[in-house]
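Work through the exercises below with the sequence and model at hand. Try each task before reading its solution.

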Amino acid sequence: MMYDFFVDLLGNEILAAIVTGVPPLVFILVFVLFAVWLERKVSAHMQDRLGPMRTGWHGYLQTIADLIKLIQKEDISASANDKPLFNLAPVLVFAGTYAAFAAIPFSSYYIGSNLDLGIFFIIGISGLVVAGILMAGWSSNNKYSMLGAMRSAAQIISYEIPTIIVVLTVVMITRTLNLHTLSEMQTGYFWNWMIFGGPTAGLEKFLLIPLMFIGFLIIYTSMLAEVNRTPFDIPEAESELVSGYHTEYSGMKFAMFFLAEYANMFAVSAIVSALFLGGYQSPIGYLGNLFDAPWLIPVEQFFWFTAKGTFFVFVQMWLRWTLPRLRVDQLMALCWKYLIPIAFINLIIVGLITVL
Amino acid sequence: MSFETKKNITVYKPAVKTEEMILNMGPQHPSTHGVLRLELQLEGEIITKVIPHIGYLHRCFEKHAEAMTYPQVIPYTDRMDYLASMGNEFGYAVAVEKLLNIQVPERVEYIRVIMAELQRIASHLVALGTYGADIGAMTPFLFCFRDREKILSLFEMTCGARLLYNYIWVGGLSHDLHPDFVRQTRDFVTYFKPKIKELNDLLTYNKIFIDRTSNVGILPLDTAINFGISGPMLRGSGLKWDLRKDDPYSVYHKFDFDIPVGEGKVGTVGDCWDRYYVRVLEMGESLKIIEQALDQLPEGDVSSAIPKRIKPPVGQVYTRVENPRGELGYFIISDGSVNPFRVKVRAPSFVNLGVMDVLCRGHMVADIIAILGSVDIVLGEVDR
Amino acid sequence: MKEYFSNIWVGLSTIAIGMKVTFKHLFVPAVTIQYPNVRVELPERERNRLYVNMDDCIGCDQCSRACPVSCIEIETVKGLPTEDLGKTSNGKKKALWVTKFNIDFAKCCYCQLCVFPCPTECIYMTDVYEFSEFQRNNLIYDFVTLTPEEREQKKLNYQKFEAEKAAKKPVTPAAEIKAEVKVKTETPPTSSDNSQQSNLKEPGENKGS
């Protein structure tokens, strides 16, 4: 959408692509600044303490201070490291995350590129992250980073399966992979959201509600594992044996990993909310409709979209500070013995309901 | 999410030549609770042998004690198990009083018991909090330390220090209780009871925590007795043995409290969860003792029995007290002068650490953290 | 099979209970204070840095002997019989000049064992806990209020006094007894007093000039 708009405006396809790529980047940067601060404040208040308070009002400039600190650090790289891979790994990890933002519908007027295979593209391109992590682990030339990287890769790959199965479940109801159309289908009030059965009617809707809830829980758990958050954060755990695949990184490269993690958190929350909770649709109707100002609607939609994404990011943080860590074999057992069979059964039942 | 215990696996030797890998969990590690070096011999991910290397915190306590006078040894005993200082001082004071054959006033006995039980709660809070933090749950760690702050401020009000008290002296105490102490301690007891329930909600019964700690590090009872284990580790394996009931010292025989024992509620008897749960229950029992002691507290003078110069007759004595980590024993030989001839300390963490090898065999590397946390060592005591 | 479903149910319910606890804590006000701006009020028995009130110190060395880490170093010089060293706050007359009273706070273990034996209660613990230094030598606190010249002077005075006293004593034992008898019967204290007073005048003169 945005892309076509800019092509018409500028006449040059490449220039239009570059200009369209800038807003998500700006959004990611602003969001990460906010998310890091939010994480520190949320974790602090859950633990009855205050968090950052001295850098700006209640510490809201803390992330900028951290960024400046990381930028001016020495970029250490051991002599036995595989230099090209070492330097490329953080870039790949960030690129995989950033590319997923291209297909996420921020509002009805803005979507980076209106692919017909929106959700398929997103899941595919997040596979770059796995490659980046493996490269980081390998090029660190450190036995334990390699172990951590392999565990992380195994975790991400295993947990993509329940994700895809639940996505297929949703797609069975909506019959389209395009995220924009999917969001448009959930228009109306919150009753039309996918988690409450979608724009179906009658008995079908009531039968679908519990199944959609189960699907939502499964995909949320798998998404937690995709972004390496507790309880699935074996790769980053400090108190396990070593610190995982990003031990050897310092300075700006470490900042890239950090940035990529928070951007990934938002991307994943955005996907879940787009699939199940109506994307950018408002649950209670639009002020634009109330005041007869149709230009207000996309702005409101953007606001609702960000609000839902931030809420799910907050839930991820909430889970991180409540739960202990799973051990590696328990993590795999959870995926293969619990999530996948349940997701499959879910899929079959939903398929039967939509067919009959 | 249950799985079979790894002890029954058969290690299948493939045709490829393999050799054991030696991994070092070095002295600087976030989870070893101090400076402890664990040398692990691994075969793949399974551990075949664990050798602990200690001595990084050795400060020659026993040699120092031979050069100090009897009252001057007390600051040194504080610093052995620095998380349970009142217990260390208590043991030493009881030992020297036995040598001197003096009786302390009853008020002194009751206050010593109150302090020791408060210290037990504080020490268990550190153990439980850091155990949760090792497993990955950061929040209970801070909740435990918040509650511990209240106990430390009670101690600060009484003797002026938060961690290393120099409060229980031979023959009495250094200060009498602050006039507001009894009221504040009763407030603390009412404040703390719901906090144990909150800790249980957050950590103890959490499914993920149970999966990490049950059926891991199972210590059979006969092994425990053979190794000389004491304290919550022994009680976690099923034996109801507590020096406060089985070999009473001071005024413990006047109180009514229960000894919690590991019963294998989730998992087998003697696993890490049992030891953890025994500590949680012990905190509740200590609250009972404190309440009873506060009710029965007599009046008196706390410094009337402190001798001017401590010069015990020639002889030797061995006394033992129940520290939060186990049985702390003092063996003192006196040669009639103002300095002890020999002070030997039987440190519970030192003895408990010896069983690490047996506990860790057959487990994976990630379980070592869980097992080490449940042994609950303090390196100051292991190395002295 | 039943275990499978009960595992799922137990897992989800305990996670939900845990989440409820943490959520409630979001609204509990913080228990921490913001340290450099706000400080905790310490109780009255607090044990922090020691302070010695030299006006009351009689140089008895009890605190130094009680210290388990030997961080107090005291050197005293006997005052001359004619000097007035002043009184302590509870009326006792002081007899010793304290020329060195160093406490090394890097060694001090803040155990309070030095406070109890002091007969005049001149050493006590204050509530100062922010006294870190960049150099370790700066942690050796010198509490004596005399200047270094005065300390030297007191030492010299006493040495002179002792030397004079030894000079009056004869060398051989028989002569010693005779001299003692002689000294006891013969010498009034006036002549020796005169000589001492002339000694004493010198520091005063030095000060005046």
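**Exercise 1. How far apart are the mean positions of the positive and negative charges of chain B?**

Count Lys and Arg as positive, Asp and Glu as negative; leave out His and the chain ends. Place each charge at NZ of Lys, CZ of Arg, CG of Asp or CD of Glu. Chain B then has 43 positive and 48 negative charges. Their mean positions lie 2 Å apart.

Some conventions apply throughout. This is a predicted model, where local features need pLDDT of at least 70, side-chain atom pairs count only at pLDDT 80 or more, and totals for chains, interfaces and linings use all residues. Residues are numbered from 1 along each chain as its sequence is written, chains are lettered from A and ligands numbered from 1 in the order in which they are written, and side-chain values use heavy atoms, without hydrogens and water.

**Exercise 2. Which radius of gyration does chain B have, and what does the globule rule give?**

Take the radius over C-alpha atoms; the rule is 2.2 Å times the number of residues to the power 0.38. For 384 residues, a compact globule would come near 21 Å. Chain B has 22 Å, so the two agree. Along the principal axes, its C-alpha atoms fill a box of roughly 75 × 45 × 35 Å.

**Exercise 3. Locate Glu39(B) and list its contacts beyond four places in sequence.**

Start with the strand: Glu39(B) sits in β2, residues 37–43 of chain B. Strands are DSSP runs of E, at least two residues, and helices runs of H or I, at least four, numbered from the N terminus. Next, burial: buried means under 20% relative accessible area, exposed over 50%, partly exposed in between (1.4 Å probe, protein chains only). Glu39(B) has 16%, so Glu39(B) is buried. Contact means heavy atoms within 4.5 Å. The partners are Ile22(B), Leu23(B), Asn24(B), Lys49(B), Val50(B), Ile51(B) and His53(B).

**Exercise 4. Ser250(B) and Tyr110(C): which is buried and which partly exposed?**

Ser250(B) is in the loop between α10 (243–246) and α11 (272–296). Its phi is positive, about 55°, although Ser250(B) is not a glycine. At 18%, Ser250(B) is buried.

Tyr110(C) is in the loop between β3 (96–104) and β4 (123–125) of chain C. Tyr110(C), also not a glycine, has a positive phi of about 55°. At 24%, Tyr110(C) is partly exposed.

**Exercise 5. How much area do chain C and chain A bury between them?**

Sum over both chains the accessible area (1.4 Å probe) lost on being put together. The result is about 1700 Å², 67% of it on carbon and sulfur atoms. Tyr4(C), Met19(C) and Leu26(C) supply 32% of the area that chain C buries against chain A, more than any other three residues.

Notes
Buried area = accessible area lost by both parts, 1.4 Å probe.
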